[in-house]
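This note is written for a colleague who is beginning to read protein models. Please keep the sequence and the structure in view while going through the numbered points.

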Amino acid sequence: MNASFGSHEKYRRIVVGTAILALLALAWSGILDGRSEAYLDSALLGSGAIYATARGINALVSVLQGTEMNAFLLTFTVGELLDPINDLIERFSGVMMLALGSLALQKILLEVVSDTTFNILLSVLGAGVIVTSFISQGSAYRLAAKFFMITVIIRFSFAAVILANSWADSVFLEKNVVERHTAMRVFHDELGMVSARAGMETGTSEEKRDIQKKITVNQRAQDSEEENIYLG
């Protein structure tokens, strides 16, 4: 019976040691971290581009505020018609800012838990579990195992959640997000044309130049913002 118990303990130690070594190898390899970081970078680029487009629409609506157009003896203000859209875009921009902040925070936390210092801590705790499993099966072993498991959860939980989000986005959201961003860009370009047309039809020469200048500045600002996002 003692031989059977000793064989069982030996087998358990081998399993525990193998599992710990596998987790340490996974942590030091950085495979999960690399894929998670790639997804976060892609999500930041996409969200940043959407946010830049939304701000561009908001700027164009601001340009149109107060611009009047005549149609069949009726005079109406373009900005009044676009006020509901402007409010919607402002709320949407706020949501996108929160999304960008969340993605940035996730990236910071991922960099913290994937740092070499954290891997060293995990390795020390893993070695402690292996050593105490041979020396004692009492409180020292249980304490070492507890701290090791907590550290493992912290080490891999962020990458696991990020990869789960990546899978959900690719399966359920990516196509719709691309289509909606394309629609936003089309709407942005249409607003630019409306702004130019309104200025040419109703404004004086100075007003026309001012409106055209605002449209050009807005377009350049949006292009610059998107370029900075992609390069950053």
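1. How much space lies in the largest pocket? The model under review is a predicted one, and its largest pocket holds about 750 Å³ of space.

2. The lining of this pocket consists of 24 residues. Those that lie nearest its centre are Ala43, Gly46, Ser47, Ile50 and Val177. Helices H2 (31-64), H3 (78-113) and H5 (139-202) each supply at least two residues of the lining. The greatest contribution is that of H5, with 10 residues.

3. The overall fold should be set out next. Six helices and two strands make up the secondary structure of the protein chain. Along the sequence, these elements follow the pattern α-α-β-β-α-α-α-α. The chain has 232 residues, and 31% of them count as buried.

4. Helix H4 merits a separate paragraph. This helix covers residues 116-135, 20 residues in total. From its first C-alpha to its last it reaches 28 Å, which is close to the 28 Å expected at 1.5 Å a residue. At the N-terminal end, H4 is capped by Asp115, a side-chain oxygen of which lies 3.0 Å from the backbone nitrogen of Thr117.

5. Which residues of H4 are buried? They are Phe118, Asn119, Leu122, Ser123, Leu125, Gly126, Val129, Thr132 and Ser133. When reading such a list, it is useful to recall that an α-helix has 3.6 residues a turn, so residues three or four places apart point the same way.

6. Ser133, which is found in H4, illustrates how a buried residue is recognised. Its relative accessible area is 3%; the cut-off for a buried residue is under 20%, and therefore Ser133 counts as buried. The side chain of Ser133 also reaches the backbone oxygen of Ile130, at 2.5 Å.

7. Aromatic rings are the next topic. A search of the whole structure finds one aromatic pair. The ring centres of Trp167 and Phe172 are 5.8 Å apart and the planes meet at 85°, so the pair is edge-to-face. The angle settles this description because planes over 60 degrees apart count as edge-to-face. Are the two partners buried or exposed? Trp167 and Phe172 are both exposed.

8. A further ring deserves attention. Arg155 lies over the face of Phe156, at 5.3 Å from the ring centre.

Technical notes. Residues are numbered from 1 along each chain as its sequence is written. This is a predicted model: local features need pLDDT of at least 70, side-chain atom pairs count only at pLDDT 80 or more; totals for chains, interfaces and linings use all residues. Side-chain values use heavy atoms; hydrogens and water are left out. Helices (H or I, at least four residues) and strands (E, at least two) are DSSP runs, numbered from the N terminus. The expected span of a helix is 1.5 Å times one less than its number of residues. Buried means under 20% relative accessible area, exposed over 50%, partly exposed in between (1.4 Å probe, protein chains only). A polar contact is a pair of N or O atoms within 3.5 Å; within protein, one must be able to donate a hydrogen and the other to accept it, and residues adjacent in sequence count only if both atoms are side-chain atoms. Rings of Phe, Tyr and Trp (its six-membered ring) pair if their centres lie within 6.5 Å; planes under 30 degrees apart count as stacked, over 60 as edge-to-face and the rest as tilted. A charge sits over a ring if NZ of Lys or CZ of Arg is within 6 Å of the ring centre and within 35 degrees of the ring normal. On a 1 Å grid over the protein atoms alone, a cavity is a set of points where a 1.4 Å probe fits but cannot get out, and a pocket is an open set with protein on both sides within 12 Å along at least five of seven lines; lining residues have an atom within 4 Å of a point. Grid points are joined across faces, edges and corners, and a volume is the space filled by probe spheres set on the points.
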